[in-house]
Structures are given as C-alpha cells and as structure tokens.
Amino acid sequence: MDVPRRVLILVVELDPYIRALQQSLLGDHYELLFVGDGEAALDAARRHRPKILIADILVPKIDGLRVCRELKRDPRTRDIRILIFSELYAELRAREAGADAFIRKPIEERAFLAQVRALLDEEASSSSDGDTRRGASWSE
Amino acid sequence: MERVTSGIVPLDEILGGGVPTNSLVVVAGAPGTGKTILAQQFVFANATPDARALYLTTLSEPRAKTIRYLQQFSFFDQDRLIGERPAILYGDLAEPIRTQGFEALSETVGALLDEHRPRLLVIDSFKALRDLVPSDVQARRVLFDLASRLAARSCTTLFVGEYVRDELERLPEFAIADGILHLVNRPTGTRDERYLRVHKLRGSGFRAGEHAFRISSDGLSVFPRLVTPAEPTAYHASDERVGTGLAGLDAMLGGGLRRGSATLVRGPSGSGKTLLGLHFLHAGAVAGEHGLLVSFQENPSMIRFITSAIGLDARELDASGHLTSLYLSPVELNVDDVIQRITAVLAAKPIRRVVVDSLLDLEAAVSSDPMRFRSYFYALIQRFAVEGIAAMLVVGTEIGAGPRDLADAEYTADTVIDLRYAPADAPGRESARNIVVLKSRGVAHATTANRLRVGARGLEVGGVEHRRP
C-alpha cells in the first residue's frame with residue numbers, strides 16, 4: 001500500500017522504548033508527531049488535524065480515554081481515527097470513549113501495522129463517501 | 001499516631017495498625033518475594049482522588065510491565081487510574097535518571113511531588129537507582145536530601161528494593177528509613193515458605209519475628225506469628241470433667257478429662273487414635289457442645305465414613321451443627337495458616353472440644369525450626385486452657401518403634417494417653433490393643449493398661465462398652 005509520506009499520525013506516549021518502536025515501524029511511511037501528555041495531545045490534534053491518533057491511556061494531565069472522548073465530541077476533530085494502545089484491559093472503555101480501535105501492549109508488530117493501515121483505509125473511504133465511522137477492528 | 005493501612009488486616013495487626021503516616025518505609029527482599037505486590041496493596045488500599053498515590057517505577061521493571069501483571073490481582077481497580085481525578089498515578093523515573101544521573105533523583109522526585117501532591121509515594125525499585133552510584137557517601141547525600149524533602153510534606157513513602165539480608169544493616173537507606181519490612185522466600189524441601197519480618201518501625205511497637213505469608217490472586221495473605229505469652233495467662237483451672245465418650249477410659253481417668261486441659265493421644269497407625277478423637281467429639285456434640293476437628297489425615301468424606309462405620313450417627317453429627325471440620329492437606333501445610341484458621345473458628349463459634357489429628361503434621365510443617373513448633377504448641381495449649389476448651393492432640397508413632405520424640409509436647413500436655421498395638425503373632429490369633437494413661441495432671445488416674453477393642457460400635461475400653469447417647 002502506498003501511502004503518501006505527508007499522512008500525519010499523532011502519538012501520545014510516554015515510554016521512550018515504545019516511541020522508538022513506533023518510529024521504526026511507522027516512520028518510513030508516515031509523519032509521526034509524539035507528545036507526552038493528554039493536554040499536549042488535545043492541543044496538537046486540534047492544531048495539526050492528524051489522520052490518526054495513537055493514544056496510551058495512562059498519560060499525564062488528561063488520560064488517553066478522555067482525550068479520545070474530547071476529540072470525538074468536537075466536530076472539528078471527530079474524524080481523526082483513534083487507536084487506543086494500552087497495557088490495561090480496557091477494550092470496552094475504549095469503545096465507550098468512541099475509539100476506533102484498541103490494541104493491548106506490548107506491540108505485536110504485524111497486528112499493530114495492520115491496524116494503522118486499516119484505520120487509514122477507513123479514513124480514506126469515509127472521506128470519499130461521507131461516512132464518519134465504519135467498522136473498526138478491535139483486538140486485545 | 002495516625003497510620004496508613006497496608007490493605008492487609010493481619011499485617012496491620014503486626015504493624016500496630018499500619019505504618020505511621022508520613023513515615024519512610026523500605027520494603028526489602030530478593031526478586032520474586034512479593035515486594036511490588038505488597039506495595040501495590042498499600043497503594044490500592046489508601047489512594048483516593050483527594051489523597052493520591054504516586055507509583056514510580058525505575059530501572060528494575062518498566063511501568064507497562066508492572067501494570068500488565070498487576071491487573072491479575074483482585075485488588076486492582078482500573079477506575080482508580082483514569083478519569084478526571086485519578087486516585088493512582090503511575091510514573092517512570094528510569095528516563096530522567098538515565099539521562100541526568102542519580103544526583104538528579106531528589107529534584108526529579110521533588111518536581112513530581114510538587115505537580116501531583118501525593119499522600120503516598122512508592123519508588124520501585126529504589127535499589128536499582130541507588131546501584132547507579134558507586135559510593136555509599138554519594139548515595140547518602142542524595143538520600144538525605146530526598147528524605148528531607150519528603151519529611152517536609154504530608155506523604156508516606158515506600159522504597160521497594162531487592163536488598164539482601166546483610167545490606168539491611170549496612171546501606172544508608174536503612175539508617176534514614178523509619179520502617180523496614182523484609183520479605184523472604186525460603187525453599188523448604190519441595191516447597192517454598194514465604195516470611196515477612198518487621199526489622200524496624202520508628203515510634204511504634206510491632207510484632208517481632210517471622211510471619212508467614214502466601215501470595216494468591218488476592219495479593220499477600222499474612223499469618224501473624226502466634227505469640228507465646230512470656231507469662232502464662234491467668235485463668236481458672238476447672239475441676240469440671242469432660243467425658244471422652246468411652247466409659248472405660250473415663251473410669252481410668254477418675255471421671256473424664258478436665259475441662260480446659262490438653263490431652264496427648266499417642267500410638268502407632270491403626271491403634272485407634274482417630275477413633276478416640278471422634279468418640280470425644282461425638283460425646284461433646286451429643287451433650288450440645290461445639291467441637292472442632294482439625295484433620296491433616298482424613299478428609300471430611302473419610303471422617304463421615306469412619307464415623308458411620310463405628311455406629312456413630314454421622315448425619316446427626318452433621319445436622320446438629322455442633323461439629324466443625326477443618327481438613328487441611330498435609331502436603332502444603334503452613335503452620336501459621338493452620339493457627340489462623342483455628343483461631344478464626346474459635347472466634348466464630350463457642351467451641352468446647354478440639355481434636356488435632358495429628359500433631360506430627362504440624363511439627364513437620366515447621367521441621368526447619370523446632371523452637372517454633374514448641375512455641376506454637378505451647379501458645380495453642382494456653383489458648384485452649386484460657387477458653388476452657390478440652391483438647392485432644394493426636395500423635396502417631398511407628399508400629400514396633402518407641403514413640404517419636406515429642407518430649408516437650410508430652411511435658412506440656414496435661415494428660416498423655418498411650419495406645420499400644422500388638423499385631424497378631426500367629427494365624428487365627430487376634431491383634432491386641434491396649435490403652436494406658438501415662439499421666440493426667442491433678443487427677444488420680446489408673447496406672448494399669450486396659451484392653452482397647454474396636455467393635456461395630458467403635459472403641460471399647462477394658463471390656464466396658466463405650467457409652468451410647
């Protein structure tokens with residue numbers, strides 16, 4: 001799948017090792033912007049309008065689920081696809097918060113990449129047919 | 001003094017109510033001893049949105065891993081970690097310390113305290129951080145600074161670390177600590193025994209010695225060491241007699257066992273020890289007395305079978321609610337666990353008779369420490385005496401051999417009954433059993449042996465049929 005390099009993915013993640021892994025997995029194909037807390041995530045999401053937000057839940061200031069809720073509530077940001085990526089068994093909470101997908105840490109590389117691609121595909125097709133939410137994929 | 005609960009009631013009892021509020025406590029122990037679980041129990045028992053807990057992982061286990069494994073415990077509650085006002089915050093000191101060094105510890109933690117204002121702080125592992133500094137002098141300086149910073153705040157702190165025994169006396173963190181909890185995992189035969197010891201608790205009394213604990217999905221279950229009173233507790237020694245259920249034996253004892261006394265019943269396998277215990281409990285139940293059977297030998301089904309086989313009414317015994325059975329497998333026996341369970345039954349029911357079958361199983365569970373068995377035995381006997389409980393303690397001896405050396409137990413017991421077994425020595429001849437009262441304190445008892453027979457209705461002594469209800 002050819003994805004233009006300009007596609008922006010916002011990542012809210014504290015763990016430097018997970019950041020490095022995400023960079024190595026996604027960095028060749030996408031533009032990654034890392035932030036370290038929920039407030040910065042909301043701010044960056046509103047400012048840069050990424051295609052995807054990959055959010056850990058346990059981040060400072062505002063947790064990842066609240067970030068998700070805020071963005072999905074706001075008409076300007078609700079189209080951002082949100083992948084909750086956490087060590088917590090929080091699939092249901094993520095779904096309730098309006099997330100498009102959930103993956104549990106640690107990173108299973110193939111599943112993680114496939115999930116990001118699926119979210120981008122959804123985003124592309126929903127942009128063309130006006131559908132804002134299609135069937136997302138969920139995995140624990 | 002205000003206390004911070006550990007979240008584990010028996011541990012709080014050991015600590016005199018919990019660790020003192022605003023104290024600095026080191027939780028020490030080798031890897032795998034349960035330190036992190038204990039620290040997490042402190043956190044989940046105390047943290048609220050208004051009194052938050054800050055849990056800082058370091059260079060030992062990444063935060064993600066800590067949380068991943070933590071979720072398997074029943075005390076874990078995801079709600080406490082998220083939302084607008086989370087009660088528990090998890091952070092990671094690894095990155096700042098890795099980049100700025102151990103010298104930055106105090107300032108880094110200080111900044112986090114300023115930001116989150118926690119009432120409970122855990123640094124796990126603190127040992128991993130202090131191992132970064134080559135000299136104790138350097139460590140002491142940083143530690144003193146951090147301890148002073150913490151002392152200025154209303155914040156209770158736990159330093160968790162993989163310290164070994166000799167470090168507890170040597171390293172500066174133990175000098176500045178207000179409390180030290182040491183967790184030990186001691187391999188014993190094919191199993192491991194876990195112990196917890198309080199080494200220090202400034203400004204507070206605590207229960208000294210080793211306290212056993214177990215780790216399950218509920219976290220740590222702690223069994224406080226049974227404390228033997230330095231002076232025997234004062235109590236009224238009763239003259240009241242308690243029937244054994246065997247009229248012949250009661251006659252040998254001049255009317256039965258004394259209320260509140262402890263009787264050791266010893267004999268080889270098959271000599272009738274368990275049966276004697278069952279007669280004793282049955283006689284009590286029939287008289288409306290509550291009894292407790294602590295058995296490591298026979299499971300409840302087997303007990304019911306034996307009871308019925310000797311003509312005692314097992315259903316009647318069950319239905320009366322007068323018999324409580326504690327069956328504990330001798331394979332994974334933990335003596336502190338046993339004591340706690342016995343104590344719990346004594347607290348819940350008006351138990352008047354107890355049978356422990358057998359004492360050797362209890363002794364084997366503390367075989368590594370004979371002194372411990374003696375103190376447990378003595379403390380149990382004291383407890384029974386104070387509460388007016390007549391206790392029968394069964395001890396097995398090997399066929400043909402002399403009784404196993406339980407001299408202390410025999411000395412402590414008020415009454416010792418010896419069952420002897422002579423196997424049939426020729427075809428067609430019967431095996432013979434004898435019963436003799438070796439001692440019975442304050443009782444004019446028979447000194448001669450009597451025949452003991454096992455009939456369709458249980459035991460009979462000296463040709464006298466046992467008493468039927």
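Here are four short exercises on a predicted model of two chains, A and B, each with a worked solution.

**Exercise 1. Confidence along the chains**

Task: Find where confidence is lowest and where it is highest among the named elements of chain A and of chain B.

Solution:
- Step 1. Start with the averages. Chain A has a mean pLDDT of 87, and 86% of its residues reach 70 or more. For chain B the mean is 85, with 91% of residues at 70 or more.
- Step 2. Now go through chain A element by element. Helix H5 (residues 109-129) of chain A has the lowest confidence, a mean of 82, while strand S3 (residues 52-55) of chain A has the highest, 97.
- Step 3. Look just past helix H5 as well: residues 130-135 of chain A have pLDDT below 50. This stretch still makes 15 contacts in the model beyond near neighbours in sequence.
- Step 4. Repeat for chain B. Here the low end is helix H13 (residues 314-320), at a mean of 69, and the high end is helix H2 (residues 35-46), at 96.
- Step 5. Chain B also has a stretch with pLDDT below 50, residues 464-469. It has 22 contacts beyond near neighbours in sequence.

**Exercise 2. Where the chains meet**

Task: Describe the interface between chain B and chain A by its contacts, buried area and salt bridges.

Solution:
- Step 1. Count the residues: 15 of chain B are in contact with 18 of chain A.
- Step 2. Turn to area. The size of an interface is often given as the accessible area lost when the parts come together. Between chain B and chain A, about 1500 Å² is buried, and carbon and sulfur atoms give 51% of that.
- Step 3. Look for charged pairs. There are 3 salt bridges between the two chains. One of them joins the side chains of B:Arg63 and A:Asp56, at 3.0 Å from N to O.
- Step 4. Add the predictor's scores for the complex: an ipTM of 0.75 and a pTM of 0.72.

**Exercise 3. A cavity in chain B**

Task: Work out which residues line the second largest cavity, and of what class they are.

Solution:
- Step 1. The model has 2 cavities of 30 Å³ or more, and the second largest holds about 30 Å³ of space.
- Step 2. List its lining: B:Val335, B:Leu359, B:Leu362, B:Phe373, B:Tyr376, B:Phe377 and B:Leu380.
- Step 3. Match residues to elements. Helix H15 (359-365) and helix H16 (370-386) of chain B each supply at least two lining residues. H16 of chain B gives the most, with 4 residues.
- Step 4. Sort by class: the lining has 7 nonpolar residues, no polar ones and no charged ones.

**Exercise 4. Unusual backbone angles**

Task: Locate two cis peptide bonds and a residue other than glycine with positive phi.

Solution:
- Step 1. Recall the usual case: most residues other than glycine have a negative phi, and most peptide bonds are trans.
- Step 2. In chain A, the bond from A:Lys105 to A:Pro106 is cis, with omega near 0°. A:Pro106 sits in the loop between strand S5 (101-104) and H5.
- Step 3. In chain B, a cis bond joins B:Asp357 and B:Ser358, with omega about 5°. B:Ser358 belongs to the loop between strand S17 (351-357) and H15.
- Step 4. For phi, go to A:Arg49, where the value is near 45°. A:Arg49 lies in the loop between helix H2 (38-48) and S3 of chain A.

Terms used:
Residues numbered from 1 in each chain as written. Chains lettered and ligands numbered in written order. Predicted model: local features only at pLDDT ≥ 70, side-chain atom pairs only at ≥ 80, totals over all residues. Heavy atoms only, no water. pLDDT = per-residue confidence, 0-100. Contact = heavy atoms within 4.5 Å. 1 Å grid on protein atoms, 1.4 Å probe; cavity = no way out; pocket = protein on both sides within 12 Å on 5 of 7 lines; lining within 4 Å. Points joined across faces, edges and corners; volume = space filled by probe spheres on them. Nonpolar A, V, L, I, M, F, W, Y, C, P; charged D, E, K, R; others polar. Buried area = accessible area lost by both parts, 1.4 Å probe. Salt bridge = Lys/Arg side-chain N within 4 Å of Asp/Glu carboxyl O.
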